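Subject: Structure handover, salt bridges

Hello,

Here is the structure I said I would pass on. My notes on its salt bridges follow below.

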Amino acid sequence: MGEKLLLVVNPRSGREKAKVVLFDLIKIFTESGKEVTVYPTSHKESTITYIKNNAPKYDLIVACGGDGTLNETINAVMQCDKRVPVGYIPLGSTNDFAASLEIPTDCIQAAEKIIHGTLFPYDVGSINGKYFSYIACAGAFAETSYQTSQSLKNKLGHFAYLLSSVKSLSTLRKTRMTVTTPEGTITDDYLFVAFANSRNAAGILDLSEGEIVFNDGLFELLLIKMPKDVIDFSALIKDLLNADLSNKYVSLHKISECRISLEKGLGWSLDGEDGGIQNEVAFKVHKEAIDIIL
């Protein structure tokens, strides 16, 4: 009897592309000797509950959808007793996770990679006990990055649209934050904060290969301070457009955990999904917590 595979499909992802390619994916997996069960996602919590309760029955779980579908799958797998490998077929508009791990965005190629791939132990992050696969962020650039349509990103460029959406210094909203890490505690006014395990995320983080190790037990804490004047603001925007994080208002820390207290609550984005408004957050890295098929 072949391996049992649970295919978690978001039928709405990729402009409902999942519906078009579903039978091709089932064919590829069954021809490789796998017994495929398809679960179409609906509500986030019901999806997580289903996967968590049924994951131990399977040898492999494949998430087919956007980063949100992967987030739900990882949250469920992290909560079940059996360590079940996870494959990913990206169908979302952003696909930062897939880009970082060089997972093909072509569905057929991604499925074939899963069949012939190897297990990679991957670090998972958590914020106040909720898991995320590659980023939690809040502040000036968080919402625009994930709410922008893919067609507009394609026309203007992801970075260009993101940063041109901030028209001037007067449109920015700073938040007083106290950030506590193993390195110490700092308090300042920040525009943006991200805790990430990714080379590309939120239209801000753009790190070269070698700077990110996905299973070292460390995430990148990115902090962007509020510029003091128009000149500094212009320089910051220019540097971010060029993916230059050496600007004096930008700091990057490799850490395993941190706590952030915010003067007022901000809306957090977890893997591009709504993470709710929080003013006290605790981040933690769970080293090599899941096996991703690459």
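Asp-291 is buried, with a relative accessible area of 13%, which is under the 20% cut-off for that class. Please keep in mind that this is a predicted model.

The partner of Asp-291 is Arg-83: the two form a salt bridge whose closest N and O atoms are 2.9 Å apart. This pair links distant parts of the chain, 208 residues apart. Arg-83 sits in the loop between α3 (67-79) and β4 (86-90), while Asp-291 belongs to strand β15 (residues 273-293). Unlike its buried partner, Arg-83 counts as partly exposed, at 44% relative accessibility.

In total, the structure holds 10 salt bridges. Two further pairs are described here.

Arg-176 and Asp-189 meet through their side chains in a salt bridge of 3.3 Å, N to O. Arg-176 lies in strand β8 (residues 175-181) and Asp-189 in strand β9 (residues 184-196), so this salt bridge ties together parts that are 13 residues apart in sequence. Here too the Asp is buried, Asp-189 having a relative accessible area of 18%, and the Arg is partly exposed, Arg-176 being at 36%. The pair is also part of a network of salt bridges, in which Lys-174 is linked with Arg-176 and Asp-189.

The other pair is Lys-287 and Glu-288, whose side chains form a salt bridge at 4.0 Å, N to O. Both residues are partly exposed: Lys-287 has a relative accessible area of 48%, and Glu-288 is at 30%.

Regards

Methods: Residues are numbered from 1 along each chain as its sequence is written. This is a predicted model: local features need pLDDT of at least 70, side-chain atom pairs count only at pLDDT 80 or more; totals for chains, interfaces and linings use all residues. Side-chain values use heavy atoms; hydrogens and water are left out. Helices (H or I, at least four residues) and strands (E, at least two) are DSSP runs, numbered from the N terminus. Buried means under 20% relative accessible area, exposed over 50%, partly exposed in between (1.4 Å probe, protein chains only).
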